[in-house]
Amino acid sequence: MNESLSGLLAEGAERARVSTAMSEVVEKLLIDVAGLCVAARQSDYVQAALKGWEANGACTAIGHARALDAAGAAFVNGTAAHGEDFDDTFEGGPVHAGAAVVPAVLAVAEREKLSASSAVQAVALGVELMCRASLVAPKLIHKAGFHPTAVLGAMAAAAAVSTLLKLSKDQFVNALGIAGSMASGIIEYLAEGAWTKRLHPGWAAQSGIRAADLARAGFVGPRTVFEGTHGFYHGFARTAQADWGKLVEGFGSRWIAESLAFKVYACGTMTHPYIDCAKKLAAKVDVRAIEEIDCEVAEGTVHRLWEPLEAKRRPPNAYAAKFSQPYCIAAGFVLGHAGLEAFTEERVRDPRLLALASKVRYEIDPGNPYPDEFTGHVRVRMKDGRVHEERQGHFRGGAHEPLSRADLEEKFRLNCAYGGWPEEKMEAFLRWSARAKDAAVDLAAFR
């Protein structure tokens with residue numbers, strides 16, 4: 001019997017040695033995810049997620065007094081971490097690994113009283129698997145109508161929790177097989193700015209926990225969940241042609257997730273370089289004298305960020321604005337940023353932003369390197385006929401211009417302040433994250 005892909009992944013996880021660079025990425029993820037949980041804790045969607053979860057327990061939903069079972073804590077934290085679209089991304093996927101993997105691992109580590117050092121190993125393996133899985137069939141999961149973070153997140157969380165619990169090879173394989181039937185998440189939220197994208201990583205996180213717990217209890221899942229005739233990519237990418245080497249070759253020894261990117265704006269990843277271009281142009285021109293704004297874009301981003309164009313120019317609510325390239329570009333010109341304050345219900349009705357967004361149009365650049373690179377291009381034609389143009393060939397916060405640990409800590413503090421945490425609680429969490437490696441994970445102080 002040939003070894004299945006899940007079996008190869010299990011073997012890679014068992015012999016894995018996390019690189020120093022990857023450990024640093026995991027520590028950044030912990031800080032970033034926690035800050036985002038606090039930033040969103042008072043939002044209507046997080047409050048609904050908390051109220052909609054029945055089971056109590058001994059695990060922490062960061063920033064909330066109520067303790068939940070492990071699945072509930074992972075669900076609420078994953079939903080909060082991704083809810084403002086301000087979380088990490090993997091260039092090449094794109095996927096948001098931290099919001100699916102970190103909450104799952106923290107919840108189970110707290111439930112089982114496991115050390116933070118074992119949690120770091122588990123997060124690293126889960127994030128690595130998710131990033132690799134996103135490269136197997138590029139763009140096809142989105143094209144099929146599914147959210148890659150949602151469906152791949154369930155598999156990654158299952159692998160991470162299986163690693164944390166030190167499951168046997170057969171149990172690891174079963175956990176992945178079970179998670180394949182728990183994975184879900186369609187992208188119809190794009191139509192009206194509905195909330196479902198926000199819960200996708202949270203649902204993936206709790207699915208990964210349930211899959212690993214079932215596997216530990218002896219439940220059996222399909223061994224060929226990835227590559228089988230009716231397997232994961234057949235279902236979610238509608239393809240039998242996949243580059244399996246991207247998933248398994250070097251897994252556990254070569255860490256592609258070392259290049260994980262951290263966001264500087266609270267909106268769709270591919271929009272970021274365009275916002276940077278808009279900010280640069282705003283320093284050179286009178287925004288009020290702009291006649292038209294043209295952007296060269298990747299074909300693969302059009303259905304999520306550009307069309308239908310008239311609707312994207314006037315997003316129906318603040319969440320929809322995060323996936324409107326015209327609105328985000330207008331925010332770069334008018335506000336000089338696209339942080340949390342750019343995406344409020346009051347702000348998306350700002351006539352200055354809407355007037356400028358109405359002038360934004362696009363053309364497809366067939367040579368755009370997306371999804372391998374996220375680039376930006378903005379060209380403005382002024383009312384007097386002059387033309388100004390900016391290009392940016394990379395995602396700021398990513399591999400070409402990474403954020404430092406100090407940058408992430410500053411982002412954490414700003415997010416915590418936005419969520420109403422006092423300074424002493426912020427600093428206590430940063431101290432805990434720096435010293436917790438050999439202690440059991442206990443997040444009760446951060447409820």
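Select Tyr370 to begin: this residue is buried, with a relative accessible area of 8%, where buried means under 20% relative accessible area, exposed over 50% and partly exposed in between, for a 1.4 Å probe and protein chains only. The model is a predicted one, in which local features need pLDDT of at least 70 and side-chain atom pairs count only at pLDDT 80 or more, while totals for chains, interfaces and linings use all residues. Residues are numbered from 1 along each chain as its sequence is written, and side-chain values use heavy atoms, with hydrogens and water left out.

Tyr370 sits in the loop between strand 4 (360–364) and strand 5; helices (H or I, at least four residues) and strands (E, at least two) are DSSP runs numbered from the N terminus. Show the residues around Tyr370, and, not counting residues up to four places away in sequence, Pro94, Lys139, Met270, Ala298, Gly300, Thr301 and Arg304 are in contact with it, contact meaning heavy atoms within 4.5 Å. For Lys139, the C-alpha to C-alpha distance to Tyr370 is 9.4 Å, with the two positions 231 residues apart in sequence.

Stay with Tyr370 and display the backbone, where a cis peptide bond with omega of about 10° joins Tyr370 to Pro371. Then move to its contact Pro94, which lies in the loop between helix 4 and helix 5 and is joined to Gly93 by another peptide bond that is cis, with omega of about -15°. Most residues other than glycine have a negative phi, and most peptide bonds are trans.

**Two positive phi angles**

Select Lys166 in the loop between helix 8 and helix 9 (169–180); Lys166 is not a glycine, yet has a positive phi of about 55°, and its relative accessible area of 66% makes it exposed. Arg238, in the loop between helix 11 (232–236) and helix 12 (245–248), likewise has a positive phi of about 55° without being a glycine, and is exposed at a relative accessible area of 59%.

**Helix 8 against helix 10**

Next, colour helix 8 (residues 148–164) and helix 10 (residues 196–216), whose axes come within 7 Å and cross at roughly 40°. Here axes are lines fitted to C-alpha atoms, for helices over the stretch in contact, and angles run from 0 to 180 degrees between N-to-C directions. The crossing of helix 8 and helix 10 is right-handed, that is, the near helix is turned clockwise from the far one by less than a right angle. To see the contact, show side chains including Gly153, Ala157 and Val161 of helix 8 and His200, Ala204 and Gly208 of helix 10. The contact residues divide into 11 nonpolar, six polar and no charged, with Ala, Val, Leu, Ile, Met, Phe, Trp, Tyr, Cys and Pro counted as nonpolar, Asp, Glu, Lys and Arg as charged, and the others, Gly among them, as polar.

Which residue should be selected in the loop between helix 7 (140–143) and helix 8? His147 is found there, and at 3% relative accessibility it counts as buried. The side chains of His147 and His200 are joined by a polar contact of 2.8 Å, a polar contact being a pair of N or O atoms within 3.5 Å of which, within protein, one must be able to donate a hydrogen and the other to accept it, residues adjacent in sequence counting only if both atoms are side-chain atoms. Leaving aside neighbours within four places in sequence, the contacts of His147 also include His82, Gly185, Tyr189 and Lys197.

**Salt bridges**

Side chains of opposite charge can pair when their charged atoms come close. With a salt bridge taken as a side-chain nitrogen of Lys or Arg within 4 Å of a carboxyl oxygen of Asp or Glu, the count comes to 31.

Select Glu84 and Arg198, whose side chains meet in a salt bridge at 3.6 Å, N to O. The pair links distant parts of the chain, 114 residues apart, with Glu84 in the loop between helix 4 (70–83) and helix 5 (98–112) and Arg198 in helix 10. Glu84 is buried at a relative accessible area of 14%, and Arg198 counts as buried at 8%.

Further along, Asp213 forms a salt bridge with Arg111, with the closest N and O atoms 2.8 Å apart; Asp213 is in helix 10 and Arg111 in helix 5, 102 residues apart. Asp213 is partly exposed at 24% relative accessible area, as is Arg111 at 29%.

Finish at Glu389 and Arg379, where the salt bridge is 3.3 Å, N to O, and where Glu389 belongs to strand 6 (residues 387–392) and Arg379 to strand 5 (residues 376–382). Add Glu296, Glu363 and Arg391 to the selection, and the network of salt bridges that links them with Arg379 and Glu389 is in view.
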